[in-house]
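Trainee: Hey, got a minute to walk me through a structure? I'd like to get a feel for it piece by piece.
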Amino acid sequence: MTTAWTADCVRKIEASRIPRIPLITENDQAALDAGRIYWDMWPIQDRDGRVASIHGRELWMALSAPDRGDPSLRHFEAKIRLIERKSGSWFDLGDVLPEFTVDYEREWAGSAVTDSEGVSLYFTAAGTSQRPGGYQQRLVEAHAIIGADGLPDAWTEPRVSISEVAPEYMLADAHEGEAGKIKAFRDPAYFRDPADGREYLIFTASLAGTDSDYNGAVGIARRTDDGWELLPLLIHADGVNNELERAHVVYHQGGYYAFWATQRSTFAPGLSHAPNGLYGMVSDSLMGDYRPLNGSGLVLANPDEEPLQSYSWFVTRELLVSSFVDFRGLKGEPVPTDPVEANKLFGGVPAPLLKLTIDGDRCELAESVEA
């Protein structure tokens with residue numbers, strides 16, 4: 001059953017009651033590479049969705065690119081980096097994957113899961129190696145063993161996870177595009193249903209067969225003996241929003257919580273009161289019907305004085321929330337069009353971790369996580 005996230009839901013967002021993320025006062029880059037920028041994070045999780053401990057190490061992944069002095073360029077050089085969290089600080093351990101001869105250009109967001117013996121990485125293959133700079137997207141995967149040092153090793157060559165697209169899914173195969181307006185087939189997030197143990201990929205998609213340019217959706221595929229099988233969309237935002245980014249599902253106390261991130265700029269006209277934020281819906285079963293959290297779907301938003309300070313939220317089974325520092329210090333102004341000025345305000349490092357509290361259809365900020 002596909003659920004619609006409707007304009008009526010979004011209209012229920014009340015500015016005075018928006019749950020606000022605390023103001024980020026500084027960038028803690030710790031031992032990260034000062035010559036690189038980082039965004040779109042996720043932990044290596046166990047198969048139940050908790051942050052894994054691998055030989056006592058807490059390992060995460062993030063998109064990263066060299067700092068070229070223009071934040072917009074990062075998307076065209078993105079590679080997945082392995083980073084470790086120790087005592088509240090982050091340490092860069094280098095590229096996750098070795099250099100393979102592949103037919104895509106760069107690596108976009110995904111997820112990673114371990115069974116204590118190996119690690120499976122599901123991510124977005126973006127662009128094509130034949131023609132740089134495109135917005136084509138496919139879901140791919142690679143698998144590794146865990147070495148004696150607790151790090152993934154001996155990666156298999158990335159291969160396509162889903163090769164056939166069902167009629168309700170729009171292809172994301174356009175070369176030309178513009179940030180916030182492209183269509184989606186990306187951000188695969190692993191999920192194992194505790195009800196029956198079956199495995200799924202939840203991902204950011206676009207609804208086909210609509211007249212609206214605002215047709216973001218949450219897609220789902222189920223593992224079979226022959227690979228991954230696309231299922232009907234879980235959620236769509238037809239006529240409401242173009243991008244339900246970093247879509248994923250968290251199981252909590254009998255509920256299935258679908259989360260995604262989106263931006264004010266990708267809402268349809270008439271809904272621009274909705275902020276950049278973490279949004280979500282809940283269902284009593286994985287396949288739906290889903291209900292908007294907090295009545296509207298909005299879970300967390302940046303503070304009024306820094307509406308772009310963080311983005312790309314990802315929630316774990318423990319209700320830990322990661323994101324990255326986006327633009328701070330705008331003082332109510334838009335992001336500068338001059339790349340040099342924009343770069344002065346761009347964070348490009350992990351944001352402080354947060355914690356949610358959930359009670360049925362209510363989902364709110366609990367606290368930050370210091371260690």
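Trainee: Let's go. Which strand is M61 found in?
Mentor: M61 is found in strand 3, residues 59-66. Keep in mind that this is a predicted model.
Trainee: Okay, and does M61 count as buried or exposed?
Mentor: Buried, because its relative accessibility is 0%.
Trainee: How far is M61 from L286?
Mentor: Their C-alpha atoms are separated by 26 Å, and along the chain the two are 225 residues apart.
Trainee: What about R159, where does that lie?
Mentor: R159 lies in strand 10, which covers residues 159-160. At 47% relative accessibility, R159 counts as partly exposed. You can also look at A142: R159 and A142 are 6.7 Å apart in space, C-alpha to C-alpha, with their positions 17 residues apart in sequence.

Trainee: Switching topic. How many disulfides does the structure hold?
Mentor: Zero.
Trainee: Why is there no bond between C9 and C363?
Mentor: The closest cysteine sulfur to that of C9 is the one in C363, and at 16 Å it's too far for a bond. It reads likewise from the other end: C363 is in no disulfide, and its nearest cysteine sulfur is that of C9, 16 Å away.
Trainee: What is a disulfide, anyway?
Mentor: It's a covalent bond between the sulfur atoms of two cysteines.
Trainee: And are those cysteines buried or exposed?
Mentor: C9 counts as buried at 10% relative accessibility. C363 counts as buried too, with a value of 0%.

Trainee: Now strand 12. How many of its residues are buried?
Mentor: Eight of its eight, so strand 12, residues 199-206, is mostly covered.
Trainee: Which residues are on each side?
Mentor: On one side you have E199, L201, F203 and A205, and on the other Y200, I202, T204 and S206. Both faces are covered, with all of those residues buried.
Trainee: Why do the residues skip back and forth like that?
Mentor: In a regular strand the side chains alternate between the two faces of the sheet.
Trainee: Which strands pair with strand 12?
Mentor: Strand 11 pairs with strand 12 in the antiparallel sense over six bridges, and A189 stands opposite I202 there. Strand 13, residues 216-224, also pairs with strand 12 in the antiparallel sense, over seven bridges. In that pairing, A205 stands opposite A217.
Trainee: How many residues sit between strand 11 and strand 12?
Mentor: Six, and the two strands form a hairpin. G197 in the turn has a positive phi of about 80°.

Trainee: Cool. Is the sheet with strand 20 open, and in what order do its strands run, or is that a messy one?
Mentor: It's an open sheet of four strands in the order 20-21-22-23, with antiparallel pairing. Strand 20 and strand 23 stand at the edges with a single partner strand each, so one side of each is left without a neighbour in the sheet. On average, neighbouring strands of this sheet are turned by 30° against each other, direction ignored.
Trainee: How many bridges join strand 21 and strand 22?
Mentor: Two, in the antiparallel sense, between residues 320-325 of strand 21 and residues 354-359 of strand 22. L320 stands opposite K355 in strand 22.

Trainee: Last topic, holes. What's the volume of the largest pocket?
Mentor: About 1300 Å³. It is lined by 49 residues, and the closest to its centre are R74, A179, Q263, D326 and F327.
Trainee: Which classes make up that lining?
Mentor: The lining of the largest pocket has 23 nonpolar, 12 polar and 14 charged residues. Among the elements that supply at least two of its residues are strand 2, strand 6 and helix 2.
Trainee: And how much space lies in the largest cavity?
Mentor: About 150 Å³. Of the 20 residues that line the largest cavity, Q45, G49, Y190, F191 and V249 are the closest to its centre. Strand 2, strand 6, strand 11, strand 15 and strand 20 each give two or more residues to this lining. By class, the lining of the largest cavity has 10 nonpolar, five polar and five charged residues.
Trainee: Great, thanks!

How values were computed
Residues numbered from 1 in each chain as written. Predicted model: local features only at pLDDT ≥ 70, side-chain atom pairs only at ≥ 80, totals over all residues. Heavy atoms only, no water. 1 Å grid on protein atoms, 1.4 Å probe; cavity = no way out; pocket = protein on both sides within 12 Å on 5 of 7 lines; lining within 4 Å. Points joined across faces, edges and corners; volume = space filled by probe spheres on them. Nonpolar A, V, L, I, M, F, W, Y, C, P; charged D, E, K, R; others polar. Pairing = 2+ DSSP bridges. Axes fitted to C-alpha atoms, helices over the stretch in contact; angles between N-to-C directions. Buried < 20%, exposed > 50% of the residue type's maximum accessible area, 1.4 Å probe, protein only. Disulfide = S-S within 2.5 Å.
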